[in-house]
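Visitor: I'd like to go through this one slowly, and I'll keep asking how you know. Can we start with a single side chain and work outwards?

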Amino acid sequence: MDQITRTKVKDLLKSAPGQEVMAKGWVRTKRGNKQIKFIALNDGSTVYNIQIVADTSRFDEDLIRRITTGCSLCVVGQLVESVGSGQAVEIHARQIEVIGECDPVRYPLQKKDTSLEYLRTVAHMRLRTNTFGAILRIRHAMAFAIHKFFNDKGFVYLNTPLITESDAEGAGDMFQVTTLDLGNVPTKENGKVDFSKDFFGKKTSLTVSGQLEGELGATAVGEIYTFGPTFRAENSNTPRHLAEFWMIEPEMAFYDINDNMVLAEEFIKYLVAYALENCMDDLKFLNDKYDDALIERLRSVTGIAFQRVTYTEAVEILEAAVAAGTTFEFPVHWGTDFQSEHERYLVEKHFGKPVILTDFPRDIKAFYMKQNEGCAPGRETVRGMDVLFPKIGEIIGGSEREASLEKLERRIDELGMSRRNLEWYIDTRRYGTVPHSGFGLGFERLLLFVTGMSNIRDVIPFPRTPKNAEF
């Protein structure tokens with residue numbers, strides 16, 4: 001094979017014809033007749049293939065036979081103007097090397113379209129499809145944009161622990177981490193597990209959130225963000241839940257709830273605009289194949305102000321909708337936690353735009369949210385906020401954090417929470433407390449919106465769900 005520098009397919013498709021080039025990639029399709037073969041080659045750099053034109057008289061018959069869907073090739077040839085539709089240039093092959101053969105009978109990705117449900121059964125191979133190539137490139141672009149957004153604003157990227165003893169959400173749905181011999185678990189005299197014999201000398205779990213540790217960072221360097229995996233042992237086998245997912249959690253000292261809402265809206269608009277500017281080829285592919293309103297919906301988000309509405313106002317809107325004949329699966333009244341159907345009604349039917357919900361009932365929110373003053377008995381609220389998006393429902397959840405030591409301690413006691421592993425967190429209120437706020441954006445929830453996919457398992461390379469931890 002001639003010593004020519006390889007050029008990626010995405011760059012070849014933009015190159016001027018009339019030059020000798022080398023391409024490497026995987027065969028998507030091969031068609032043609034005895035005299036000439038047309039090979040669609042893709043290397044993952046773009047959703048588009050480059051066409052390889054092979055005059056069979058120049059190549060060994062066995063080589064042509066070995067070129068099958070899924071095999072990998074190295075091709076050297078002349079980049080010429082394409083006479084066919086669909087591409088500007090193509091490669092007239094002079095040399096072809098089969099790098100890796102592929103059994104055409106057993107290869108799970110055939111020429112015909114395969115369903116997303118089927119692809120989940122061969123998840124180790126689905127990344128080679130155009131659909132998942134597009135999703136992976138968009139996922140990368142969004143991760144880069146997240147870091148760029150916060151870096152440009154002077155935030156500090158904080159790495160919070162994956163192994164922790166604190167349950168930030170208070171839900172208890174955590175994966176335990178242990179080195180104890182499960183066939184011979186040490187116990188105390190009362191029969192309970194003796195975690196002093198465990199690796200960390202205490203009961204530890206995989207984190208559900210980096211928020212509490214993030215608050216430590218914010219009260220030290222002002223503004224931080226986390227971006228890492230989080231874990232929930234919630235037995236929810238739905239299109240919106242994963243057991244392992246990625247979260248972005250900024251925490252900001254001296255921010256009140258209004259500052260928090262401004263930042264959240266700016267952040268989400270920035271990410272959507274970045275996708276529109278940098279991922280258009282992949283978005284067009286997903287728009288045409290899965291969701292013909294995707295690009296229009298993305299554009300609609302960037303140019304409008306999000307609607308701000310209190311929880312109490314939202315309840316009144318939903319109750320009025322029910323009175324007018326709208327049917328919800330889950331009942332709604334003051335004090336209930338909204339379901340996705342309620343959130344999507346507000347966004348898609350009532351307001352027709354993204355919504356930021358605020359001032360939730362205290363009893364349905366986490367202990368660390370700042371309590372509002374002057375609430376009527378039984379109607380206590382906190383300064384929480386949820387950003388609701390079309391097709392998704394909640395995409396961001398956050399709050400102003402309770403800065404008062406007295407109120408925070410009282411709330412912890414009211415909920416019967418153990419203070420043993422929270423004293424370090426309470427110290428931020430003992431020593432130089434300040435108003436501070438933050439929020440969490442589920443990365444895969446963002447990707448559901450940006451890609452138009454309907455199942456969260458299709459926007460993460462290797463989904464972890466109940467009874468499923470392959471690879």
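Visitor: Why is Trp334 called buried?

Guide: Trp334 has a relative accessibility of 18%, and buried means under 20%, so Trp334 counts as buried. Keep in mind that this is a predicted model.

Visitor: What makes Tyr311 and Trp334 an aromatic pair, and which kind is it?

Guide: Ring centres have to lie within 6.5 Å, and those of Tyr311 and Trp334 are 5.8 Å apart. The planes stand at 85 degrees, and over 60 counts as edge-to-face, so this pair is edge-to-face.

Visitor: Where do the two partners sit in the chain?

Guide: Tyr311 is in helix H10 (residues 311–323), while Trp334 is in the loop between H10 and helix H11 (340–351). They are 23 residues apart, and the pair links distant parts of the chain.

Visitor: Is Tyr311 buried or exposed?

Guide: Buried: Tyr311 has a relative accessible area of 0%, set against a cut-off of under 20%.

Visitor: How many aromatic pairs are there by this rule?

Guide: The count comes to 23. Another one is Phe150 with Tyr225.

Visitor: What makes Phe150 and Tyr225 a stacked pair?

Guide: Their planes are 20 degrees apart, and under 30 counts as stacked. The distance is 4.7 Å centre to centre, which fits the limit of 6.5 Å.

Visitor: Why say that this pair ties parts together?

Guide: Phe150 belongs to helix H5 (residues 130–152) and Tyr225 to strand E10 (residues 223–231), so the pair ties together parts that are 75 residues apart in sequence. Both Phe150 and Tyr225 are buried. They also belong to one aromatic cluster, whose members include Phe144, Tyr157, Phe267 and Phe439.

Visitor: Phe439 takes us to strand E16. Why is E16 described as largely enclosed?

Guide: Seven of the seven residues of E16 (residues 436–442) are buried, so the strand is largely enclosed by the rest of the structure. His436, Gly438, Gly440 and Gly442 point one way, and Ser437, Phe439 and Leu441 point the other way. All of them are buried.

Visitor: How do you know that E16 pairs with strand E11 and with strand E15?

Guide: Pairing needs at least two bridges. Five bridges join E11 (residues 244–253) to E16, and six join E15 (residues 393–401) to E16, so both qualify as pairs. E11 and E16 run antiparallel, and E15 and E16 also pair in the antiparallel sense. If you want places to look, Ile248 has Leu441 of E16 as its bridge partner, and Gly397 stands opposite Gly440 in E16.

Visitor: What makes E7 and E8 edge strands?

Guide: Each pairs on one side only. They belong to an open sheet of three strands, in the order E7-E9-E8, with antiparallel pairing. Strand E7 covers 163–164 and strand E8 covers 176–177.

Visitor: How many bridges hold E7 and E9 as a pair?

Guide: Two bridges, in the antiparallel sense, with E9 covering residues 204–206. At least two are needed, so E7 and E9 count as paired. In E9, Ser205 is the bridge partner of Thr164.

Visitor: Which elements do the buried residues of helix H6 pack against?

Guide: They pack against E7, E10, E11, E15, helix H13 (423–430) and E16. The buried residues of H6 (residues 211–221) include Gln211, Leu212, Gly214 and Ala218. Just after H6 comes Gly222, with a positive phi of about 95 degrees.

Visitor: One last residue. Why is Pro390 called buried?

Guide: Pro390 has 13% relative accessibility, and the cut-off is under 20%, so Pro390 counts as buried. You'll find Pro390 in the loop between strand E14 (381–389) and E15.

Visitor: What does Pro390 touch, not counting residues up to four places away in sequence?

Guide: Pro390 touches Arg297, Val347, Glu348 and Phe449. The C-alpha atoms of Pro390 and Tyr345 are separated by 8.9 Å, and these two residues are 45 apart along the chain.

Visitor: And zooming out, how many helices and strands does the chain have?

Guide: There are 14 helices and 16 strands. Of the 471 residues, 50% count as buried.

How values were computed:
Residues are numbered from 1 along each chain as its sequence is written. This is a predicted model: local features need pLDDT of at least 70, side-chain atom pairs count only at pLDDT 80 or more; totals for chains, interfaces and linings use all residues. Side-chain values use heavy atoms; hydrogens and water are left out. Helices (H or I, at least four residues) and strands (E, at least two) are DSSP runs, numbered from the N terminus. Buried means under 20% relative accessible area, exposed over 50%, partly exposed in between (1.4 Å probe, protein chains only). Rings of Phe, Tyr and Trp (its six-membered ring) pair if their centres lie within 6.5 Å; planes under 30 degrees apart count as stacked, over 60 as edge-to-face and the rest as tilted. Contact means heavy atoms within 4.5 Å.
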